[in-house]
Amino acid sequence: MIHILSGPVHSGKTSRLLQWAEGRSDLAGIATPDQDGLKMLYDLKVRRYYPFQINEPYDPAVDSIGLGQYRFSDAAFVLARQILDRAIQHSTDWLIIDEIGPLELAGQGFE
C-alpha cells in the first residue's frame with residue numbers, strides 16, 4: 001500500500017510527517033526538513049541529520065544538483081540512496097521518502 005501526503009509548497013508536510021514518525025520504531029527512510037533556513041537530510045531510522053542544501057556561492061569544483069533557487073549536494077543524494085537501500089534490505093513496516101518531485105521525475109534525485 002502506498003500513502004501520499006500532499007499539499008502546497010511550504011505548507012508543513014514534512015513537519016507533519018516528522019511529528020507522525022516521532023518515537024516510532026517501525027519505519028525507516030528519509031525526510032528533508034528545513035533547519036536554520038536550509039534543507040537537511042534526515043535519516044528516520046537512526047534519527048540523524050546530514051547536510052543537504054548547499055548555501056555557498058556556486059563552485060564548479062563542488063558536485064551539486066540545482067533546482068530553482070536551491071542547490072543540493074551530490075554526496076547527500078548518494079547517502080540518501082544508501083539509507084533507502086538499507087531500509088529496503090531490512091524489512092520495515094513503513095518506508096518513508098520525503099519527497100518525490102521534479103528531480104526524481106528527471107532521474108536526478110532519490111531515484
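This note goes through the predicted model point by point, from confidence to core, surface, loops and salt bridges.

1. Basis of the model. This is a predicted model in which local features need pLDDT of at least 70, side-chain atom pairs count only at pLDDT 80 or more, and totals for chains, interfaces and linings use all residues. Residues are numbered from 1 along each chain as its sequence is written, and side-chain values use heavy atoms, with hydrogens and water left out.

2. Confidence. The predictor's confidence in each residue is given as pLDDT, on a scale from 0 to 100. The chain has a mean pLDDT of 87, with 93% of its residues at 70 or more. Among the elements, strand β1 (residues 27–31) has the highest mean, 96, and strand β5 (residues 64–67) the lowest, 71. Helices (H or I, at least four residues) and strands (E, at least two) are DSSP runs, numbered from the N terminus. Where pLDDT is low, the predicted coordinates should not be read in detail.

3. The largest core. A nonpolar core is a set of buried Ala, Val, Leu, Ile, Met, Phe, Trp, Tyr and Cys residues joined through side-chain atoms within 4.5 Å. Buried here means under 20% relative accessible area, exposed means over 50%, and partly exposed lies in between (1.4 Å probe, protein chains only). Which members of the largest core touch the most other members? They are Ile-30, Leu-41, Phe-52, Phe-77 and Phe-110, out of 13 residues. Helix α2 (residues 74–89) supplies the largest share of this core, five residues.

4. A second core. Separate from the largest core is another one of eight residues, including Leu-27, Tyr-42, Leu-44 and Ile-96.

5. Phe-52 as an example. Contact means heavy atoms within 4.5 Å. With neighbours within four places in sequence left aside, Phe-52 is in contact with Thr-32, Lys-39, Met-40, Leu-41, Arg-71, Phe-72, Ser-73, Ala-76, Phe-77 and Phe-110. Leu-41, Phe-77 and Phe-110 appear in this list, and these three are also named above for the largest core.

6. Thr-32. This residue sits in the loop between β1 and β2 (34–35). Is Thr-32 buried or exposed? Thr-32 counts as buried because its relative accessibility is 3%. Apart from neighbours within four places in sequence, its contacts are Thr-14, Lys-39, Met-40, Leu-41, Phe-52, Asp-98, Glu-99 and Phe-110. Asp-98 is 66 residues away from Thr-32 in sequence, yet their C-alpha atoms are 6.1 Å apart. The C-alpha atom of Ser-15 is separated from that of Thr-32 by 9.6 Å, with the two positions 17 residues apart along the chain counted as their separation. Ser-15 belongs to helix α1 (residues 13–21) and is partly exposed, at 46% relative accessible area.

7. A nonpolar surface patch. Ile-88, Leu-95, Ile-97, Ile-100 and Leu-105 make a nonpolar patch of about 540 Å² on the surface. Patches are made of residues with over 30% relative accessible area and no salt bridge; like charges are joined within 9 Å, nonpolar side chains (Val, Leu, Ile, Met, Phe, Trp, Tyr) within 5 Å. Accessible areas come from the Shrake-Rupley method with a 1.4 Å probe, and for residues only the protein chains shown count as cover. Ile-88 is found in helix α2 and is exposed, with a relative accessible area of 58%.

8. Two positive phi values. Asp-36, which is not a glycine, has a positive phi near 55 degrees. Asp-36 lies in the loop between β2 and β3 (38–43) and counts as exposed at 82% relative accessibility. Arg-47, again not a glycine, has a positive phi of about 55 degrees. Arg-47 is placed in the loop between β3 and β4 (48–51) and is partly exposed at 37%.

9. Salt bridges. A salt bridge is a side-chain nitrogen of Lys or Arg within 4 Å of a carboxyl oxygen of Asp or Glu. The whole structure holds three of them. In one, the closest N and O atoms of Arg-24 and Asp-26 are 2.8 Å apart. In another, Lys-39 pairs with Asp-34 at 3.6 Å; Lys-39 is buried at 15%, while Asp-34 is partly exposed at 47%.

10. The bridge between helix α2 and strand β3. Arg-86 and Asp-43 meet through their side chains at 2.6 Å, N to O. Arg-86 is in helix α2 and Asp-43 in strand β3, so this salt bridge ties together parts 43 residues apart in sequence. Arg-86 is partly exposed, at 33%, whereas Asp-43 is buried, at 1%.
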